[in-house]
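Visitor: I should like to learn how to read the features of a protein model. Could we begin with the way in which helices cross?

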Amino acid sequence: MFFARGPIEDMQILRLVIERILLSLLTLLLVSLVIFFMLEILPGDVATRILGRDATPESLAALRAQLHLGDPALLRYATWLGNLLTGNLGHSLVSDRLITAILAPRIFNTVLLSIYAFLIYIPLTAIPAMIQAVRRDRAVDHGLSVVTLVLLSMPDFLLGTALLILFVIMVPILPAISLVDETSGAGEYIRAMTLPAVTLAIVMAVYAVRMLRDNLIEVLDSDYVRMAELKGLSPRRVLLRHALPNALVPTLNVTALNLAYLVGGVVVVEKIFGYPGFGSLLVDALQLRDLPLIEATIMIAASVYIVANLLADVGAILLNPRLRQG
Amino acid sequence: MAVADPTLSPLHRLRRFDWSRTPLSLRIGGAILAVHLILAVIGPFVAPYGYAQMGAGIPLSGMSWTHPFGVDQLGRDIFSRVIYGGHIVILLSLCGTALGLVLGAILGLLSGYVGGWIDNLLQRLLEALISIPFLVLALLAIAAAGPEAAGDPVLVVFVVALVYAPRIARMARSAAIDIATRDFVTIARLRGESAWSVMRRELLPNATSVLLVEFALRAGYAPVLIGSLGFLGFGMRPPTPEWGLMIAENRALLIISPVTVLGPGLALASLVVGLNLFTEGFARILGRSVKLGTR
């Protein structure tokens, strides 16, 4: 993004980026429509769906009044969307607490977990990929390829359970249940987050390792790396300073996609380890059929996903001169 | 190499089939899949115990020759349950993916061929569905279906189809846009054929290789999706021996008998590895590359 270029090209890029942002906003609006349609407009009585078949007529009537189910669907959607935009997510049906108050600590926990997972993800991607690229087509390379392929096919809940057996039951060094709250110290947080973070990091890394390996091999074959080698630079310096940064650029896209995976991944992984984050909140809300909370969490999950994809697109436009022509 | 003649149509390449010249991944994947398919078909006849038969052994008694994968807390033989589970997982995955393929292919091909505002509108809508992480979308659909439909295999099939159809439609659409520029499509249009018949007779036959690879790729991930739903308690219901659900059931007493999750875990992982290897090799024969693990 720091290459020399003229003002006209800059304008083109700006237009392209703004176009992508507007499209993302439109998608977000449609997502809200999909969520609302599926949960509140599909045939069938919403109140019965929440309370179940054996609810009394009085409780059904009370819930209908609370959710304004008597109003026209379009009006309800407009009200809901308006409230969403002003940050007024309403109250939980189950605990009657403000949804924003329920969400805040959970989102905080999940953000912490995601940062931790990304910190593990970076070396977990870079080191195997570098080993594979340097020892290309040797036994190590093939061995690691098989490992990544197997791990790639491994469902995240299976991987999490395997890690749980390994580090909680066979070698008991980590807690089985990752329960934390506001009173927990940093050490407790780190112990609680380690297994979920490692699970997420492995799932993300196996996806990126294969791409980084191929990119590294391509870069290692390029003229400027040959040049650096012929200048007599040490192999380590050539790999780390000359090859790696250039091989990382295409991997950025994968990393953004991994961020998008994380939004869905936390649902399963947090549930395995009982980590009180955003993902386990969604599962709990679904189990309790807490409609306003379900709508809010899914809306947030989709927003993060859309923003992550937007960042990937914009990053690709800025970094790849060929895409700039649009 | 089996990818000998690029001028041959994909289906011709498939017809000139020679196992010894296929990619290794196809052979290994095919072998794993064959074992799974055979077990799924004959499993219920060879399983030593019933899938819901309690008292098959001492609960949580661990591995033994009579119970290779142990016994769960209700005294059911896990080996038998894993074998019974095979046909459920495979059948649900195939039905769901096939339904998603049919819906996605029709939507994608028509939308790409017709173009204009219909295409635009449909693309935005499909984009919105893709923007909800697939597991979250699946959970949303299950919440929308309500508590009465919970645990219904038909619901699981519909959910898999709903998750995959938009993703398959996107691939089908770009294939259709590519094919629509060819002369034979123009001629068909000038003959006055309707969009539906152009899609069925011109676009579909030429998009087969794209759609087949897409089907294999999605089918490879469907067992994971179904397993994840079962694991979270939103998929199949007990006592169905669905592997994800079995892992969830046995997790509570993992400390006493960790071997109880080994059977369903191995079955699920090997099925997905087999499907992925097969897809990779299959795609190479058709002259395409796939990105495994695309979510």
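Guide: A crossing of two helices is called right-handed if the near helix is turned clockwise from the far one by less than a right angle, and left-handed if it is turned anticlockwise. Please note also that the model before us is predicted.

Visitor: Which hand has the crossing of α3(B) and α6(B)?

Guide: That crossing is right-handed. Two packed helices are described by the angle between their axes and the distance between the axes. Here the axes of helix α3 (residues 78–114) and helix α6 (residues 153–180), both of chain B, cross at roughly 35 degrees and come within 5 Å.

Visitor: How many nonpolar, polar and charged residues form the contact of α3(B) with α6(B)?

Guide: The contact comprises 24 nonpolar, 8 polar and 2 charged residues.

Visitor: Let us turn to burial. Is B:L286 buried or exposed?

Guide: A residue is judged by counting the other C-beta atoms within 10 Å of its own: 20 or more make it buried, and 12 or fewer make it exposed. B:L286 has 20 such atoms, and therefore it is buried. This residue lies in the segment that follows α11 (262–285) of chain B. Although B:L286 and B:S209 are 77 residues apart along the chain, their C-alpha atoms are separated by 6.5 Å.

Visitor: Is B:V46 buried or exposed?

Guide: B:V46 is exposed, because 10 other C-beta atoms lie within 10 Å. Its place is in helix α2 (residues 24–46) of chain B. From B:V46 to B:G265 there are 219 residues in sequence, and their C-alpha atoms are 21 Å apart in space.

Visitor: Why is helix α10 of chain B described as largely enclosed by the rest of the structure?

Guide: The same count is applied to each residue of the helix. In helix α10 (residues 243–251) of chain B, 8 of the 9 residues are buried, so the helix is largely enclosed by the rest of the structure. Among these buried residues are B:W243, B:L245 and B:E249. The buried residues of α10(B) pack against α3, α9 (208–232) and α11 of chain B, together with α7 of chain A.

Visitor: That last helix belongs to the other chain. How many residues does each chain bring to the contact?

Guide: Chain A contributes 39 residues and chain B contributes 41 residues. On the side of chain A that touches chain B, the elements giving two or more residues include α1 (7–41), α7 (156–170) and α12 (291–319). The largest share of that side, 8 residues, comes from α1(A). By type, the residues of the side of chain A divide into 30 nonpolar, 6 polar and 3 charged.

Visitor: What may be read from the backbone angles?

Guide: One may look at the sign of phi, and at omega for the form of a peptide bond. A:D137, in the loop between α5 (99–134) and α6 of chain A, has phi near 65 degrees, a positive value in a residue other than glycine. A:D137 counts as exposed, because it has 9 C-beta neighbours inside 10 Å.

Visitor: Where is A:R289 placed, and how is its exposure classed?

Guide: A:R289 is in the loop between α11 and α12 of chain A. It is not a glycine, yet its phi is positive, about 50 degrees. With 18 other C-beta atoms within 10 Å, A:R289 is partly exposed.

Visitor: Is the peptide bond from B:P238 to B:P239 cis or trans?

Guide: This bond is cis, with omega near 5 degrees. B:P239 lies in the loop between α9 and α10 of chain B.

Conventions:
Residues numbered from 1 in each chain as written. Chains lettered and ligands numbered in written order. Predicted model: local features only at pLDDT ≥ 70, side-chain atom pairs only at ≥ 80, totals over all residues. Helix = DSSP H or I, 4+ residues; strand = E, 2+ residues; numbered from the N terminus. Contact = placed C-beta atoms within 7 Å. Nonpolar A, V, L, I, M, F, W, Y, C, P; charged D, E, K, R; others polar. Axes fitted to C-alpha atoms, helices over the stretch in contact; angles between N-to-C directions.
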